[in-house]
Amino acid sequence: MTLRFNLIGTESFEEVVASLGELAEANAIDWAVAGGLATAIYGGDLNTKDIEIIADKFLPILNQGGLSQGGKRYVIKTVRWDFKVDWIIRTDSFKNLFQVALSEAVKINGVPVLTPEWLVILKFIAGRFKDQE
């Protein structure tokens, strides 16, 4: 699985996404890239330090704790960096919306990515000021 960005310093992001994809596939987990990384895949600026993934199951690896919106945080190490990965699985009233967003993800260079429409909807749901901007 190769993901290509036309940005400097993205090799580590590509490495993490490839590792996550292999682990998810080996464990029959549906997943998709969300958040700032998904925005960058569509051509936006890569101005994120973490990776947000929505999924239907958890990874079978050690996690760093739970996320307030539902999910777990993992730390994935690459040759150069450690990346925080927010593995989001909603269990609240937005669970069904997240499941639909996941089911409608598209593959870009073999990587499942939320559609731009779902990125906007889920950022709105997040309710943070920076997301509303």
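At 55% relative accessibility, A28 counts as exposed in this predicted model, because the cut-off for that label is over 50%. A28 belongs to the loop that runs between helix 1 and strand 1 (31–34). Its backbone stands out a little: A28 has a positive phi of about 50 degrees, even though it is not a glycine. Most residues other than glycine have a negative phi. N109 is another case, with a positive phi near 50 degrees in a residue other than glycine. This one is placed in the loop between strand 5 (106–108) and strand 6 (111–113). N109 comes out at 48% relative accessibility and so counts as partly exposed.

Stepping back to the whole chain, the secondary structure comes to five helices and six strands. Their order along the sequence is α-β-α-β-β-β-α-β-β-α-α. Of the 133 residues, 42% count as buried. As for how the chain is knitted together, 57% of contacts between residues at least 6 apart in sequence join residues at least 24 apart. The mean pLDDT of the chain is 85, with 85% of residues reaching 70 or more. Residues 1–8 are another matter, since here the pLDDT is below 50. That stretch still has 23 contacts in the model beyond near neighbours in sequence.

Next comes the interior. The largest nonpolar core holds 36 residues, and the members touching the most others are W31, V33, I54, V85, W87 and L114. Helix 1 supplies the largest share of this core, with five residues. What does V33 contact, once its neighbours within four places in sequence are left aside? The partners of V33 are A38, I41, E52, I53, V111, P112, V113 and L114.

D86 sits in strand 4 (residues 82–88). Although Asp counts as charged, D86 has 7% relative accessibility and therefore counts as buried, the cut-off being under 20%. Leaving aside neighbours within four places in sequence, D86 is in contact with D50, I51, E52, I53, L67, K72 and R73. Both E52 and I53 also turn up among the contacts of V33. The C-alpha atoms of D86 and Y74 are separated by 6.5 Å, and these two residues are twelve residues apart along the chain.

T115 is found in the loop between strand 6 and helix 4 (116–126). Loop or not, T115 counts as buried, because its relative accessibility is 12%. Outside its neighbours within four places in sequence, T115 is in contact with Y42, E104 and V106.

Last, the open space. The second largest pocket holds about 210 Å³. Twelve residues line this pocket, and the closest to its centre are I29, D30, W31, K107 and P112. Of these, W31 is also one of the core residues that touch the most other members, and P112 is among the contacts of V33. Which element gives the most to the lining of the second largest pocket? That is helix 1 (residues 11–26), with three residues. By class, the lining is made up of seven nonpolar, two polar and three charged residues. Helix 1 thus features in two places, giving the most to this lining and the largest share of the nonpolar core.

How values were computed. Residues numbered from 1 in each chain as written. Predicted model: local features only at pLDDT ≥ 70, side-chain atom pairs only at ≥ 80, totals over all residues. Heavy atoms only, no water. 1 Å grid on protein atoms, 1.4 Å probe; cavity = no way out; pocket = protein on both sides within 12 Å on 5 of 7 lines; lining within 4 Å. Points joined across faces, edges and corners; volume = space filled by probe spheres on them. Helix = DSSP H or I, 4+ residues; strand = E, 2+ residues; numbered from the N terminus. pLDDT = per-residue confidence, 0-100. Contact = heavy atoms within 4.5 Å. Core = buried A, V, L, I, M, F, W, Y, C linked by side-chain atoms within 4.5 Å. Buried < 20%, exposed > 50% of the residue type's maximum accessible area, 1.4 Å probe, protein only.
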